[in-house]
Amino acid sequence: MSKQILVLPGDGIGPEIMAEAVKVLELANEKYRLGFALSYDELGGAAVDKYGVPLADETLERARQADAILLGAVGGPKWDSIDPAIRPERGLLKIRSQLGLFGNLRPALLYPQLAAASSLKPEIVAGLDILIVRELTGGIYFGQPRESKVLDNGERMAYDTLPYSESEIRRIAKVGFDMARVRNKKLCSVDKANVLASSQLWRAVVEEVAKDYPDVELSHMYVDNAAMQLVRAPKQFDVIVTDNMFGDILSDEASMLTGSIGMLPSASLDADNKGMYEPCHGSAPDIAGKGIANPLATILSVSMLLRYSFAQVEAANAIEQAVSKVLDQGLRTGDIWSEGCRKVGTAEMGDAVVAALATL
Ligand SMILES: NC(=O)c1ccc[n+]([C@@H]2O[C@H](COP(=O)([O-])OP(=O)(O)OC[C@H]3O[C@@H](n4cnc5c(N)ncnc54)[C@H](O)[C@@H]3O)[C@@H](O)[C@H]2O)c1
Ligand SMILES: CC(C)[C@H](C(=O)O)[C@@H](O)C(=O)O
Ligand SMILES: [Mg+2]
């Protein structure tokens, strides 16, 4: 039977970047005889408009049945003032949690052609290749209780809860160590153990897991220092493992070292490498509908899909090479443009990757 890929374009620039990623996926499907069948549904604001909720039960069921999911991005001002319980982002959190996609891989890799687009000096970022392993289904995003209320004195107050259980920490720590083992054997665990009880447990459990990985050098760093070190000397890091919220923030920060958030793909995996693949960026309402968004993060997410969910290493590598070839040709969307390069729109960039892939 053919492998089923569920495509969820989402909101804002989501459908624009997804159109390009699907072109690349369809060519890879044909060229490498992958036997994929694509189906489409809605998530986020588009699902609120169609189904009244950001993740419909039937969509969740389709996602469960699929072998992998490719997502654009969700959210936007149109849905910012609706009932918080049905905000587009809640659909994203629900699909991650319901599918058990706890292991979020966010590679920040600088293509050498983009050194001039990095926010840092070329000598500080040359050769940058970091992997952020973010815990994705626990912590403050999901902790209960969480509440907004009005106190007796009439003042409004709200709170969230940041819980982590030992087993949640252990399984994401293992992902971090496993990734470090096949890379440069260096893992930095990022927490806030000088303040938070959840981080104190995090650090203790990561230390316990380390005993099974004597070949991996483990270090710990507080998140505030990590945020600073990422822009001071990012190449000191190889694999970073961290919690849900810290990973969200640090991965956006790391993206600018690579030139743009439009370059950062991600994989969200369960224990069996069933996954959902999406760019790290959002729906970019400020540029939506203009045809100028960078589709490369989504195209590179297709490469991760082939690599992690289907072990199609040749096809995955070919997509990365095609992206590199297009950058060699000097084509740049606005977010990664620099002097001497040719500015292109979303579709032209996607078409160029397709053309490069066809010749490989
Ligand atoms: N995974 C997701 O679906 C996801 C991730 C982040 C934010 N969001 C949602 O997206 C909406 C907008 O959030 P935001 O503005 O804070 O973050 P954003 O990532 O959408 O945009 C931040 C900035 O980066 C730019 N940008 C993002 N992607 C780009 C691309 N591919 N090419 C060129 N430029 C790009 C945008 O134009 C904007 O200036 C919100 O509703 C937020 O909740 C969704
Ligand atoms: C939209 C939001 C819920 C999401 C997150 O915080 O996980 C996004 O910022 C991301 O990085 O995927
Ligand atoms: Mg984010």
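Visitor: Which residues have the most contacts inside the largest nonpolar core?
Guide: In this predicted model, the largest nonpolar core has 109 residues, and those with the most contacts inside it are I69, V133, I240, Y277, V302 and I319.

Visitor: OK, and which helix gives the largest share of this core?
Guide: That is helix α10, residues 296-308, from which nine residues of the core come.

Visitor: Where does this core lie with respect to domain 1 and domain 2?
Guide: The core lies between them, because residues are contributed both by domain 1, which covers 1-102 + 284-360, and by domain 2, which covers 119-258.

Visitor: Back to I240 for a second: what does I240 touch?
Guide: If residues up to four places away in sequence are not counted, I240 touches I130, I132, V133, C188, V190 and L250, and V133 is, like I240 itself, among the residues with the most contacts inside the core.

Visitor: And I69, which residue stands opposite that one?
Guide: I69 belongs to β3 and has L6 opposite; strand β3 spans residues 68-73 and pairs with β1 in the parallel sense, over five bridges.

Visitor: How many bridges join β1 to β2?
Guide: Five bridges join strand β1, residues 3-10, to strand β2, residues 36-40, and these two strands run parallel. Between β1 and β2 the chain passes through helix α1, residues 14-31, in a β-α-β crossover that is right-handed. As for an individual pair, Q4 has A37 in β2 as its bridge partner.

Visitor: Changing topic: which residues does the UniProt "binding site" annotation cover?
Guide: According to the UniProt record, which is an unreviewed entry, the annotation covers R96, R106, R134 and D224. These positions span 129 residues in sequence and the farthest two C-alpha atoms are 26.6 Å apart, so they do not all gather at one spot.

Visitor: Is R96 buried or exposed?
Guide: R96, which is found in helix α4, residues 88-98, is buried, because 22 other C-beta atoms lie within 10 Å and the cut-off for buried is 20 or more. Leaving aside neighbours within four places in sequence, R96 is in contact with L101, L136, T137 and S268.

Visitor: Then why does R106 count as buried?
Guide: R106 counts as buried because it has 25 C-beta neighbours inside 10 Å, and this residue is found in strand β4, residues 103-109.

Visitor: What is R106 in contact with?
Guide: Again leaving aside neighbours within four places in sequence, the contacts of R106 are I132, R134, S251, L264, S266 and C280; of these, R134 is also covered by the "binding site" annotation in the UniProt record, while I132 is one of the residues that I240 touches.

Terms used:
Residues numbered from 1 in each chain as written. Chains lettered and ligands numbered in written order. Predicted model: local features only at pLDDT ≥ 70, side-chain atom pairs only at ≥ 80, totals over all residues. Pairing = 2+ DSSP bridges. Helix = DSSP H or I, 4+ residues; strand = E, 2+ residues; numbered from the N terminus. Right-handed = clockwise from strand over helix to strand, strands pointing away. Core = buried A, V, L, I, M, F, W, Y, C linked by C-beta atoms within 7 Å. Buried ≥ 20, exposed ≤ 12 C-beta atoms within 10 Å, placed from the backbone. Domains from an automatic or database assignment. Contact = placed C-beta atoms within 7 Å. UniProt positions renumbered as here; feature names shortened; annotations may be inferred.
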